[in-house]
Amino acid sequence: MALTKDQIFRADDTKRERVDVPEWANGDSSQAYVYVRTMSYAERESFERNWFAGTRDGSHAPLLYQADLIARTVTDDAGARIFEAADVPALGAKSAGAIARVYRVAERLNALGAQDVSEKKDSS
(Lines give C-alpha, C1' and ligand atoms only; values in the text may rest on other atoms or scores of the structure.)
Protein backbone atom coordinates (compact mmCIF):
# COMPACT_ATOMS: atom_id res chain seq x y z
CA MET A 1 0.00 0.00 0.00
CA ALA A 2 1.37 3.36 -1.01
CA LEU A 3 1.91 6.00 1.67
CA THR A 4 -0.25 9.09 1.79
CA LYS A 5 1.10 12.61 2.01
CA ASP A 6 -0.13 12.86 5.61
CA GLN A 7 1.64 9.64 6.58
CA ILE A 8 4.89 10.89 5.08
CA PHE A 9 4.69 14.27 6.81
CA ARG A 10 3.83 12.68 10.18
CA ALA A 11 6.68 10.17 10.03
CA ASP A 12 9.63 10.84 12.31
CA ASP A 13 12.46 9.92 9.95
CA THR A 14 15.24 11.53 11.96
CA LYS A 15 17.92 9.14 13.18
CA ARG A 16 20.08 9.87 16.19
CA GLU A 17 23.12 8.10 17.61
CA ARG A 18 25.03 8.52 20.86
CA VAL A 19 28.78 9.13 20.57
CA ASP A 20 31.05 8.86 23.61
CA VAL A 21 33.58 11.69 23.83
CA PRO A 22 35.72 11.13 26.94
CA GLU A 23 38.09 13.90 25.84
CA TRP A 24 35.34 16.41 26.57
CA ALA A 25 34.64 15.13 30.10
CA ASN A 26 34.89 17.56 32.96
CA GLY A 27 35.68 14.92 35.54
CA ASP A 28 33.20 12.10 34.95
CA SER A 29 34.05 10.51 31.61
CA SER A 30 31.06 8.13 31.88
CA GLN A 31 28.85 11.16 31.24
CA ALA A 32 30.88 12.46 28.30
CA TYR A 33 28.73 11.90 25.23
CA VAL A 34 26.78 13.77 22.60
CA TYR A 35 24.04 12.78 20.20
CA VAL A 36 24.50 13.12 16.46
CA ARG A 37 21.41 13.34 14.27
CA THR A 38 20.52 13.31 10.63
CA MET A 39 19.90 16.63 8.94
CA SER A 40 16.68 17.39 7.15
CA TYR A 41 16.84 17.60 3.37
CA ALA A 42 16.82 21.42 3.54
CA GLU A 43 19.63 21.44 6.13
CA ARG A 44 21.73 19.11 4.01
CA GLU A 45 21.20 21.20 0.87
CA SER A 46 22.30 24.31 2.80
CA PHE A 47 25.38 22.49 4.11
CA GLU A 48 26.34 21.21 0.66
CA ARG A 49 25.84 24.59 -1.00
CA ASN A 50 28.02 26.17 1.66
CA TRP A 51 30.90 23.74 1.09
CA PHE A 52 30.64 22.51 -2.49
CA ALA A 53 29.38 25.53 -4.43
CA GLY A 54 31.90 26.61 -7.01
CA THR A 55 33.78 23.31 -7.12
CA ARG A 56 33.18 20.95 -9.98
CA ASP A 57 33.87 17.74 -8.13
CA GLY A 58 33.58 18.66 -4.44
CA SER A 59 36.95 17.00 -3.87
CA HIS A 60 38.52 19.63 -1.64
CA ALA A 61 37.86 19.69 2.08
CA PRO A 62 37.86 23.35 3.18
CA LEU A 63 39.05 24.44 6.59
CA LEU A 64 36.64 23.51 9.41
CA TYR A 65 34.38 21.41 7.19
CA GLN A 66 34.15 18.68 9.85
CA ALA A 67 33.53 21.19 12.64
CA ASP A 68 30.70 22.75 10.61
CA LEU A 69 29.03 19.38 10.10
CA ILE A 70 29.35 18.66 13.82
CA ALA A 71 27.83 22.05 14.70
CA ARG A 72 24.85 21.27 12.47
CA THR A 73 24.22 17.74 13.78
CA VAL A 74 25.15 17.47 17.48
CA THR A 75 22.19 17.65 19.86
CA ASP A 76 21.33 17.48 23.52
CA ASP A 77 19.26 14.73 25.16
CA ALA A 78 16.05 16.36 23.90
CA GLY A 79 17.24 16.54 20.29
CA ALA A 80 17.91 20.30 20.18
CA ARG A 81 21.08 21.52 18.47
CA ILE A 82 23.70 22.63 20.98
CA PHE A 83 26.01 24.53 18.62
CA GLU A 84 25.49 27.53 16.37
CA ALA A 85 27.43 28.58 13.30
CA ALA A 86 29.45 30.98 15.46
CA ASP A 87 30.76 27.97 17.45
CA VAL A 88 32.53 26.39 14.45
CA PRO A 89 35.93 28.08 15.07
CA ALA A 90 35.89 26.97 18.73
CA LEU A 91 35.08 23.40 17.64
CA GLY A 92 38.07 23.63 15.31
CA ALA A 93 40.28 24.12 18.36
CA LYS A 94 39.13 20.88 20.02
CA SER A 95 40.96 17.54 20.00
CA ALA A 96 41.38 16.11 16.50
CA GLY A 97 40.59 12.62 17.80
CA ALA A 98 37.32 13.69 19.41
CA ILE A 99 36.28 15.72 16.37
CA ALA A 100 37.10 12.81 14.04
CA ARG A 101 35.02 10.36 16.13
CA VAL A 102 31.94 12.60 16.14
CA TYR A 103 32.44 13.56 12.48
CA ARG A 104 32.54 9.94 11.29
CA VAL A 105 29.12 9.32 12.82
CA ALA A 106 27.69 12.55 11.37
CA GLU A 107 29.12 11.71 7.95
CA ARG A 108 27.66 8.18 8.02
CA LEU A 109 24.21 9.17 9.32
CA ASN A 110 23.92 11.93 6.72
CA ALA A 111 25.33 9.94 3.79
CA LEU A 112 28.11 12.46 3.20
CA GLY A 113 30.96 10.05 2.49
CA ALA A 114 32.90 10.41 -0.75
CA GLN A 115 30.86 7.61 -2.35
CA ASP A 116 27.56 9.23 -1.31
CA VAL A 117 28.52 12.68 -2.58
CA SER A 118 29.81 11.22 -5.86
CA GLU A 119 26.56 9.32 -6.43
CA LYS A 120 24.51 12.45 -5.74
CA LYS A 121 26.55 14.54 -8.20
CA ASP A 122 26.27 11.82 -10.87
CA SER A 123 22.47 11.74 -10.52
CA SER A 124 21.99 15.51 -10.81
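Here are some exercises with worked solutions on the predicted model shown above.

**Exercise 1. Take stock of the chain.**
Work out how many helices and strands the chain has and in what order they come.

*Solution.*
Step 1: Count the elements; the chain comes to 6 helices and 3 strands.
Step 2: Walk from the N terminus, and the order reads α-β-β-α-α-β-α-α-α.
Step 3: Look at burial across the chain, where buried residues make up 33% of the 124 residues.
Step 4: Turn to contacts between residues at least 6 apart in sequence; 59% of these join residues at least 24 apart.

**Exercise 2. Lay out the sheet.**
Find the order of the strands, and explain why strand 1 and strand 3 each have one side without a neighbour in the sheet.

*Solution.*
Step 1: Read the order of this open sheet of 3 strands, which is 1-2-3 with antiparallel pairing.
Step 2: Strand 1 (16-20) and strand 3 (74-75) are at the edges and have a single partner strand each, so one side of each is left without a neighbour in the sheet.
Step 3: Recall that strands of a sheet pair through backbone hydrogen bonds, either parallel or antiparallel.
Step 4: Check one pairing here: strand 2 (residues 33-37) and strand 3 run antiparallel and are joined by 2 bridges. Within this pairing, Y35 stands opposite T75.
Step 5: Now add helix 5 (residues 96-109), which packs on the sheet and touches strand 1, strand 2 and strand 3. The direction of helix 5 makes about 165° with that of strand 1.

**Exercise 3. Study helix 5 from end to end.**
Check the length of helix 5, then decide where its buried residues lie around the axis.

*Solution.*
Step 1: Helix 5 has 14 residues, and at 1.5 Å a residue they should span 20 Å. The end C-alpha atoms are 20 Å apart, which agrees.
Step 2: List the buried residues of helix 5: A98, I99, V102, Y103, V105, A106 and L109.
Step 3: Look down the axis of helix 5; the buried residues fall within an arc of 160°, so they line one face of the helix.
Step 4: Turn to the face away from that buried side, which carries the exposed residues A96 and R104.
Step 5: Ask what covers the buried residues of helix 5; the cover includes strand 1, strand 2, helix 3, strand 3 and helix 4 (88-92).
Step 6: Inspect the N-terminal end, which S95 caps with a side-chain oxygen 3.3 Å from the backbone nitrogen of G97.
Step 7: Go to what follows helix 5, and you meet A111 in the loop between helix 5 and helix 6 (114-123). Most residues other than glycine have a negative phi. A111 has a positive phi, near 50°. With a relative accessible area of 29%, A111 is partly exposed.

**Exercise 4. Look inside helix 3.**
Decide how enclosed helix 3 is, then compare the contacts of two of its residues, R72 and T73.

*Solution.*
Step 1: In helix 3, 8 of the 9 residues are buried, so the helix is largely enclosed by the rest of the structure.
Step 2: Name the buried residues: Y65, A67, D68, L69, I70, A71, R72 and T73.
Step 3: Find their cover, which includes strand 2, helix 2 (41-52), strand 3, helix 4 and helix 5.
Step 4: Take R72, which counts as buried at 16% relative accessibility. Beyond four places in sequence, R72 touches R37, M39, E43, S46, F47, N50 and R81.
Step 5: Take T73, which is buried at 0% relative accessibility. A polar atom of the T73 side chain lies 2.9 Å from the backbone oxygen of L69. Beyond four places in sequence, T73 is in contact with Y35, V36, R37, M39, A106 and N110.

**Exercise 5. Place K15.**
Is K15 buried or exposed, and which residues does it touch?

*Solution.*
Step 1: Locate K15 in the loop between helix 1 (5-10) and strand 1.
Step 2: K15 has a relative accessible area of 54%, so K15 is exposed.
Step 3: Leaving out residues up to four places away in sequence, K15 touches V36, R37, T38 and L109.
Step 4: Finish with N110, which is 95 residues from K15 in sequence and 9.2 Å from K15 in space, C-alpha to C-alpha.

How values were computed. Residues numbered from 1 in each chain as written. Predicted model: local features only at pLDDT ≥ 70, side-chain atom pairs only at ≥ 80, totals over all residues. Heavy atoms only, no water. Pairing = 2+ DSSP bridges. Helix = DSSP H or I, 4+ residues; strand = E, 2+ residues; numbered from the N terminus. Contact = heavy atoms within 4.5 Å. Axes fitted to C-alpha atoms, helices over the stretch in contact; angles between N-to-C directions. Buried < 20%, exposed > 50% of the residue type's maximum accessible area, 1.4 Å probe, protein only. Polar contact = N/O pair within 3.5 Å; in protein donor to acceptor, adjacent residues only side chain to side chain. Expected span 1.5 Å × (residues − 1). Arc of directions from axis to C-beta.
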